[in-house]
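I opened this notebook to keep a record of what I looked up, item by item, and of what I found each time.

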Amino acid sequence: MCGRYASARRDDELAHRFHVSELVGDELGPSWNVAPTQDVRAVLERVEADRPVRQLRTLRWGLVPSWAKDAKIGSRMINARVETITEKPAFRRAAAKRRLIVPMDGYYEWQAPESSKDRKTPYYLTDPDGAPLAAAGLYELWRDPSKGDDDPDRWLWSLTVITTNATDTLGHIHDRSPLLLPDDLWDAWLDPGLTDAGDVDALLRRVPEPHLQPVGVSRAVGNVRNDSPALVEPVA
């Protein structure tokens, strides 16, 4: 799964890296311990005046389907399994029409202990060259029935991070990992003209295995109140 990650890059750097033409909403401060249900910055494309516009905007982590009765369901939908996103009712409409990228400096996974007497070990996984990771995700818009038509917050934008089977050096840490997109698949993944479920599945099959650098870090990352660059520093 993907339950925590670091995101400390400024909007201007992310906009340049992901070819964003429009910044929506206020910039969020850096965080080395981004957690579910928090607001995060993500890259998506919306059609405006008959042309796609690539945006960097703020969404809540934890997808709330348009048919949900309330927003609480989002806390149970922080991740979506790549194997079923075009089939499950909660994700299939978003998989066909509302895909995005979640920029990450790196993400955390916990390795299960070999013995019941030991504790789990947290690892921070990053690109060996220091490039930001592009995690594939889906988003939805949910109309809050408690807010009036003139309330600017009446629509909740939310997202889920897609996960896949962990392979290579990642598999020994955790069996699932975020689905990470290489640069040459960004445009196709964000393309609002890609709406056929079969074509989406075909694109997903083209995503290659990532090669990341795992670093053992402090267990302090387990407490969401801890948030500093020290969390990504290696420990013995």
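The entries below deal with enclosed space, open space, one arginine and one strand.

**Entry on the model.** Before anything else I note that this is a predicted model, and I read every value below as computed from it.

**Entry on cavities.** I searched the whole structure for cavities of 30 Å³ or more, and the search returned three. I then took up the largest cavity, for which I noted a volume of about 50 Å³. Its lining, as I copied it down, consists of Glu45, Lys97, Arg98, Arg99, Tyr139, Trp189, Leu190, Asp191 and Pro192. When I sorted these lining residues by class, I obtained five charged and four nonpolar residues, with no polar ones.

**Entry on the largest pocket.** I next turned to open space, where the largest pocket holds about 290 Å³. I recorded 15 lining residues for this pocket, and those nearest its centre are Arg60, Asp153, Trp155, Leu156 and Trp157. Asking which elements give two or more residues to the lining, I found strand S5 (51-61) and strand S11 (155-165). The greatest contribution comes from S5, which supplies four residues. By class, I entered the lining of the largest pocket as eight nonpolar, six charged and one polar.

**Entry on Arg176.** Is Arg176 buried or exposed? I placed this residue in strand S12, which covers residues 176-178, and then looked up its relative accessible area, which is 6%. Since the cut-off for buried is under 20%, I entered Arg176 as buried because its 6% falls under that limit. I then looked for polar partners of its side chain, and one that I found is the side chain of Glu83, in a polar contact at 3.0 Å. A polar atom of the Arg176 side chain also lies 3.0 Å from the backbone oxygen of Thr163.

**Entry on strand S8.** How many of the six residues of strand S8 are buried? For this strand, residues 106-111, I counted five as buried, and so I describe S8 as mostly covered. I then followed its pairing and found that strand S1 (residues 5-7) runs antiparallel to S8, with two bridges between them. In that pairing I noted Ala6 opposite Gly106 of S8. S8 also pairs with strand S9 (residues 121-126), again in the antiparallel sense, and here I recorded five bridges. As one position along S8 and S9, I wrote down Trp110, whose bridge partner in S9 is Pro122.

Definitions and conventions: Residues are numbered from 1 along each chain as its sequence is written. This is a predicted model: local features need pLDDT of at least 70, side-chain atom pairs count only at pLDDT 80 or more; totals for chains, interfaces and linings use all residues. Side-chain values use heavy atoms; hydrogens and water are left out. On a 1 Å grid over the protein atoms alone, a cavity is a set of points where a 1.4 Å probe fits but cannot get out, and a pocket is an open set with protein on both sides within 12 Å along at least five of seven lines; lining residues have an atom within 4 Å of a point. Grid points are joined across faces, edges and corners, and a volume is the space filled by probe spheres set on the points. Ala, Val, Leu, Ile, Met, Phe, Trp, Tyr, Cys and Pro count as nonpolar, Asp, Glu, Lys and Arg as charged, and the others, Gly among them, as polar. Buried means under 20% relative accessible area, exposed over 50%, partly exposed in between (1.4 Å probe, protein chains only). A polar contact is a pair of N or O atoms within 3.5 Å; within protein, one must be able to donate a hydrogen and the other to accept it, and residues adjacent in sequence count only if both atoms are side-chain atoms. Two strands pair if DSSP finds at least two bridges between them.
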